[in-house]
Amino acid sequence: MTSFTLHGIPVSRGIAIGRAHLLAPAALDVEHYLIAEDKVEAEVARLQSALAAVRTELQTLWSELPKEAPAELGAFIDVHALILSDPMIADVPLDIIRTRHYNAEWALVTQIEELSSQFEEIEDAYLRERKADVEQVGERILKQLMGSASLLPKNVDGDGPHMIVVSHDISPADMLQFRDRAFSGFITDVGGQNSHTAIVARSLDIPATVGVSFASALIRQGDWIIIDGDAGVVVVDPAPIVLDQYRDRQARQLRERKKLGKLKKMPSVTLDGTPVTLLANIEFPDDCVHALEGSAHGIGLFRSEFLFMNRAANELPTEEEQFHSYKQAVIAMKGRPVTIRTLDIGSDKPIDEDEQTSLNPALGLRAIRYCLAEPQMFMTQLRAILRASAFGPIKLLIPMLSHAFEIDQTLALIEQAKAQLRTEKIKFDAEIRIGAMIEVPGAALALPMFIKRLDFLSIGTNDLIQYTLAIDRVDHEVAHLYNPLHPSVLFLLSTTIAMAAKAEVPISVCGEMAGDIKMTRLLLGMGLREFSMHPAQLLSVKNEILNSDLSVLEPATRKILRSYEPQVIAEAVERLQTL
Ligand code: PEP
Ligand code: MG
């Protein structure tokens, strides 16, 4: 095989070299083979038992529906049961096995594809939408056919460190499965720069490139792969000389990282002596170890929703379980503050991956909107966080706020949780600080509403950019439009930072911009003094800070902010690196 190169979006830095491991096939990407005449009936039986298993699965789902479950849920299961028993699904694939001798998966997918294309011709919008249901039923049957359909290979231990995962897509929940396994890189066909999948790859500090169109179709199991996570380049089956060059670069990068280790003990101050706070973003309490290794001053963003993922159906972490996780984090940080963001679920982080999402999930019932709609679940989390606050400094951070009444309702619920704990004589920090994420343009433009009600602010640039520029952060087709240097983004960022400073309300940035060393000087120039990022970025950003002079950066940044010309801005930001 000859070597070839693919291009995508760089999302996690560094170079990885290893062999491709293609993940369990996506629904419509299954093995195709022909069945011998004498094995046909056995193959038919295999598909029949998968169909029966799905039937049972749906019945169980029905019988376990909680009384308060919305009526749509029952209807949804009914539709799936109806589709399953329709001869188009229940019989035709069996005929395909018998007549064409296709294996069961192939026969099923052939029929699902046929039905999907028929649905597309239908004029009635309601009926056309049923296509998704047919595909979901198809996926359920496929999962049964392929066993547990586990994402991960069974025995990775020996080869692990040199395996590169290649997949059409990986959800944030699936990414979590990689935390304990030694993979050296990730490639996906789809995905954007700041999708949560990319964020988890960065937090694992593993080179990754997403949006590499057709990677999973072009790369074969076991191919040698190089990922250049800085450039977003994937080299498949590299020539020996190319491999050597990348190995050299990899070794050089490792040496540079080691050198950064020397900065651990240095105070984080600019050349002119201004202290800058460096905080870590974490997904699990165990990540505190990495935060401390990077000498973080605290945790600026604990994405608590990761505790809610990959769990058995309908099972949410209890108050006790959450309390232990939060307490573990605050104890691990030994007196440094831990900012716990309340559940930011929805959009590209569904609790249940099979759950039907709203029409436009990024604009739907996510984060605080979801929590206010599910007050009981929210109270459980608030109680757990408050209880953990008795063991060390905790701050509460609320995601996606945009309305005053949302802030007021949230504050009222926190008061209610406190009152309950007081009655139960359970200790908590009565003075716990409560802050808002500024990640909706409407919030940034109405900042006094937040300043008046809350103790601190944290700018979530990932969502702020998504919503300001109307680009779904998960969609690789619009990923090229995702630009932190767009004049509107710079305007919102700089005015938010300036207004908070004027009101003496602490403000940080906890989006990916805070960990991007190309942005450090610009943010410093805007007046930012608190940065929260992946632990792996802490020392690189500190290095920038140690070499920054605010008396030079502030006037240069003011000049940048007066420009509305992208090219001029990009060049000027580039020049900041040399000042
Ligand atoms: C953000 O939106 O910038 C942020 C930090 O939150 P998340 O990436 O989890 O949406
Ligand atoms: Mg966000």
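This is a short walk through the cores, two helix pairs and a few single residues of the structure above. The model is predicted, and every value I quote is computed from it.

I will start with the nonpolar cores. The largest has 116 residues, and within it Phe-186 and Leu-457 touch the most other members. Among the helices, α14, residues 375-388, is the biggest contributor, with eight residues. Domain 1, which spans 4-241, and domain 2, which spans 468-579, both supply residues, so this core lies between them.

Now to Phe-186 itself. Which residues does Phe-186 contact, leaving aside neighbours within four places in sequence? On one side of it in the numbering are Val-165, Ile-170, Met-175 and Phe-178. On the other are Ala-201, Leu-204, Ile-206, Pro-207, Ala-208, Thr-209 and Ile-227.

There is also a second, separate core, this one of 30 residues. Val-54, Ile-97, Ile-112 and Leu-142 are included in that second core. As background, nonpolar side chains tend to be buried together in soluble globular proteins.

Next, helix packing. Two packed helices are described by the angle between their axes and the distance between the axes.

The first pair is α1, residues 40-63, and α4, residues 92-100. Their axes come within 9 Å and cross at roughly 165°. That angle makes α1 roughly antiparallel to α4, since anything over 145 degrees counts as such. The crossing of α1 past α4 is right-handed. From α1, the residues at the contact are Val-40, Glu-41, Glu-43, Val-44, Leu-47 and Gln-48. They meet Pro-93, Leu-94, Ile-97 and Arg-98 of α4. Ile-97 is one we have already met, as a member of the second core.

The second pair is α12, residues 319-332, with α14. Here the axes are 8 Å apart and the packing angle is about 35°. Again, α12 passes α14 in a right-handed crossing. On the α12 side the contact involves Glu-319, Glu-320, Gln-322, Phe-323, Tyr-326, Lys-327 and Val-330. Facing them in α14 are Thr-380, Gln-381, Arg-383, Ala-384, Ile-385, Arg-387 and Ala-388. Recall that α14 is also the helix that gives the most to the largest core.

Now some single residues. Gly-74 sits in helix α2, residues 71-85. Is Gly-74 buried or exposed? Its relative accessibility is 6%, so Gly-74 counts as buried, the limit being under 20%. Gly-74 and Leu-61 are separated by 13 residues in sequence and by 8.9 Å between C-alpha atoms.

Asp-169 belongs to the loop between β4, 163-167, and α7, 172-176. With a relative accessible area of 42%, Asp-169 is partly exposed. Not counting residues up to four places away in sequence, Asp-169 touches Thr-188 and Val-190. Asp-272, 103 residues from Asp-169 in sequence, is 46 Å from it, C-alpha to C-alpha.

Last, two residues with positive phi that are not glycine. For Asp-237, phi is near 50°. Asp-237 is placed in the loop between β8, 233-236, and α10, 240-260, and at 23% relative accessibility it counts as partly exposed. For Ala-470, phi is about 55°. Where is Ala-470 placed? Ala-470 is in the loop between α18, 461-469, and α19, 487-502. At 70% relative accessibility, Ala-470 counts as exposed.

Key:
Residues are numbered from 1 along each chain as its sequence is written. Chains are lettered from A and ligands numbered from 1 in the order in which they are written. This is a predicted model: local features need pLDDT of at least 70, side-chain atom pairs count only at pLDDT 80 or more; totals for chains, interfaces and linings use all residues. Side-chain values use heavy atoms; hydrogens and water are left out. A nonpolar core is a set of buried Ala, Val, Leu, Ile, Met, Phe, Trp, Tyr and Cys residues joined through side-chain atoms within 4.5 Å. Buried means under 20% relative accessible area, exposed over 50%, partly exposed in between (1.4 Å probe, protein chains only). Helices (H or I, at least four residues) and strands (E, at least two) are DSSP runs, numbered from the N terminus. Domain bounds come from an automatic or database domain assignment. Contact means heavy atoms within 4.5 Å. Axes are lines fitted to C-alpha atoms, for helices over the stretch in contact, and angles run from 0 to 180 degrees between N-to-C directions. Angles under 35 degrees count as roughly parallel, over 145 as roughly antiparallel, 65 to 115 as roughly perpendicular and the rest as oblique. A crossing is left-handed if the near helix is turned anticlockwise from the far one by less than a right angle, and right-handed if clockwise.
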